[in-house]
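Subject: Structure handover

Hello,

Here is the structure for you to take over. My notes on what was found in it follow below.

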Amino acid sequence: MKNSLTIAFIGGGNMAGAMLGGLLGNLCQPQDILVVDPGEATRAAWDARGVVTAAVACEALSQCKVWIYAVKPQVMQQAIEATRPFLQDDTLVISIAAGLPTTLLSGWLDQAAPTRTTRLIRCMPNTPALIRQGITGLYATPGVPAADRQRAQDILSSVGEAVWVDQETQLDAVTALSGSGPAYVFLFIESLIAGGISLGLDQEQAQRLALATLKGASLLAAGSDQSPARLRENVTSPGGTTAAALNRFAQGDFAGLVQAAMQAANDRAAQMAQESAAAAQPAQDSGKK
Ligand SMILES: NC(=O)C1=CN([C@@H]2O[C@H](COP(=O)(O)OP(=O)(O)OC[C@H]3O[C@@H](n4cnc5c(N)ncnc54)[C@H](O)[C@@H]3O)[C@@H](O)[C@H]2O)C=CC1
Ligand SMILES: O=C(O)[C@@H]1CCC=N1
């Protein structure tokens, strides 16, 4: 691994896979990427793309300038403790885990080396990263050098847009909006398809109509100087079909339901942080340092 940007993914599942497409041939070559994942099938999929893999933490980690922790929050402490013996003073660490605050992550990262302050950036990407249409919220802990902030931005920008937040709590809001958001959109697509079928369309027709409508409306809103509310009004003829449907949405408090769902996601992120702190094991000195 001699390229200038060497990246290790600790956890090579869905999100790491989604990010890979943007990185390869853009910021890195396959041989510049190391994936540490205990899953044999997962590693085989990465091996097939020419990426270097390991089942457990290994010396090759110490050569990687950027580490991206992409494991489930519940196994984060274990993953950090296994890998941190290979952490260098100038390693840039990025966590994509929902909920886990940087105070908890820093505590685990620096436990075996109290004089070290790991350069830590927490971020929240989303799965459209797979087709380089993602959006990621980023938060840098104090003291992360500007060059490392830029490096993180370059990595996440390779799979879509990047938005910095000043306060870490805003990342839970980002999670509730764009991190989990693709699932809300897929649910809406599923519902449109089911509705179309119930009104007499076949599956293929309903799916094509639903997908093209979502895509067209999104592109229209993104490229328009009119607000989404104004664009909605443009579709809604007085006394017409859209008004009939929107009235029905309002009766069910659609906006309130979306708000409540996002609040639940936001609250769950905070709760996951508490659960991880409560479940944290006493310090394991795995330290090389
Ligand atoms: N899926 C999504 O839409 C998003 C997920 N995230 C966050 O990304 C993280 C990963 O999520 P997914 O990729 O969906 O999960 P996933 O389950 O697909 O991938 C996690 C991977 O970690 C591996 N793993 C388990 N223990 C490990 C260890 N000790 N060391 C190294 N690897 C280990 C598993 O074998 C698995 O391949 C989570 O923390 C999640 O909150 C963030 C944004 C969006
Ligand atoms: O559901 C989750 O917890 C993760 C975070 C955002 C999307 N998936």
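The protein holds 11 helices and eight strands. Please keep in mind that this is a predicted model. The C-alpha trace spans about 70 × 40 × 35 Å along its principal axes. Of the 289 residues in the protein, 33% are buried. Among contacts with a separation of 6 or more, 70% are between residues 24 or more positions apart.

The sheet

The eight strands form an open sheet in the order 3-2-1-4-5-6-7-8, and the pairing is mixed. Strand 3 (52-54) and strand 8 (160-164) are the edge strands, each pairing on one side only. On average, neighbouring strands of this sheet are turned by 25 degrees against each other, direction ignored.

Strand 4 (66-69) is a good place to start looking. On one side, strand 4 pairs with strand 1 (residues 7-10) in the parallel sense, over four bridges. Within that pairing, Ile7 has Val66 as its bridge partner, and Phe9 has Ile68. Strand 4 is also joined to strand 5 (residues 92-95) by four bridges, and these two strands run parallel as well. Val66 takes part here too, with Leu92 as its bridge partner in strand 5. Both faces of strand 4 are covered: Val66 and Ile68 are buried on one side, and Trp67 and Tyr69 are buried on the other.

The annotated binding site

Which residues does UniProt list for "binding site"? The unreviewed entry gives Ile10, Gly11, Gly12, Gly13, Asn14, Met15, Ala70, Val71, Lys72 and Pro73. These residues are spread over 64 residues of sequence, yet they cluster in space, with a largest C-alpha distance of 14.1 Å.

Two of the listed residues can be described in more detail. Ile10 lies in strand 1. Ile10 counts as buried because 26 other C-beta atoms lie within 10 Å, and the cut-off is 20 or more. Leaving aside neighbours within four places in sequence, Ile10 is in contact with Val36, Trp67, Tyr69, Ala70, Val71, Ala79 and Thr83.

Ala70 is found in the loop between strand 4 and helix 3 (76-83). With 24 other C-beta atoms within 10 Å, Ala70 is buried. Its contacts, again without neighbours within four places in sequence, are Phe9, Ile10, Gly11, Gly13, Met15, Ala16 and Ile96. Ile10 and Ala70 are thus in contact with each other, and the contacts of Ala70 also include Gly11, Gly13 and Met15, which are on the UniProt list too.

The two ligands

Ligand 1 has 28 residues around it, of which Gly11, Gly13, Met15, Ala97 and Ala98 come nearest. Helix 1 (14-23) and helix 3 are the elements that give two or more residues to this shell. By type, the shell around ligand 1 divides into 16 nonpolar, 10 polar and two charged residues. Gly11, Gly13 and Met15 appear in the UniProt "binding site" list as well.

Ligand 2 is surrounded by Ala98, Thr175, Gly179 and Ser180. One residue of this shell is nonpolar and three are polar, with no charged residue. Ala98 is also among the residues that come nearest to ligand 1.

A link from helix 1

Is Gly21, which lies in helix 1, buried or exposed? Gly21 is partly exposed, because 16 other C-beta atoms lie within 10 Å, a count between the limits of 12 or fewer for exposed and 20 or more for buried. The C-alpha atoms of Gly21 and Ala129 are separated by 8.0 Å, although the two residues are 108 residues apart along the chain. Leaving aside neighbours within four places in sequence, Gly21 is in contact with Leu130 and Arg132.

The annotated domain

UniProt, again in an unreviewed entry, has the annotation "domain: Pyrroline-5-carboxylate reductase dimerisation" for residues 168-272. Over that range the chain is 83% helix and 0% strand, and the end C-alpha atoms are 15 Å apart. Thr175, Gly179 and Ser180, which are part of the surroundings of ligand 2, fall within the annotated range.

Regards

Technical notes. Residues numbered from 1 in each chain as written. Chains lettered and ligands numbered in written order. Predicted model: local features only at pLDDT ≥ 70, side-chain atom pairs only at ≥ 80, totals over all residues. Near = placed C-beta within 6 Å. Nonpolar A, V, L, I, M, F, W, Y, C, P; charged D, E, K, R; others polar. UniProt positions renumbered as here; feature names shortened; annotations may be inferred. Contact = placed C-beta atoms within 7 Å. Pairing = 2+ DSSP bridges. Axes fitted to C-alpha atoms, helices over the stretch in contact; angles between N-to-C directions.
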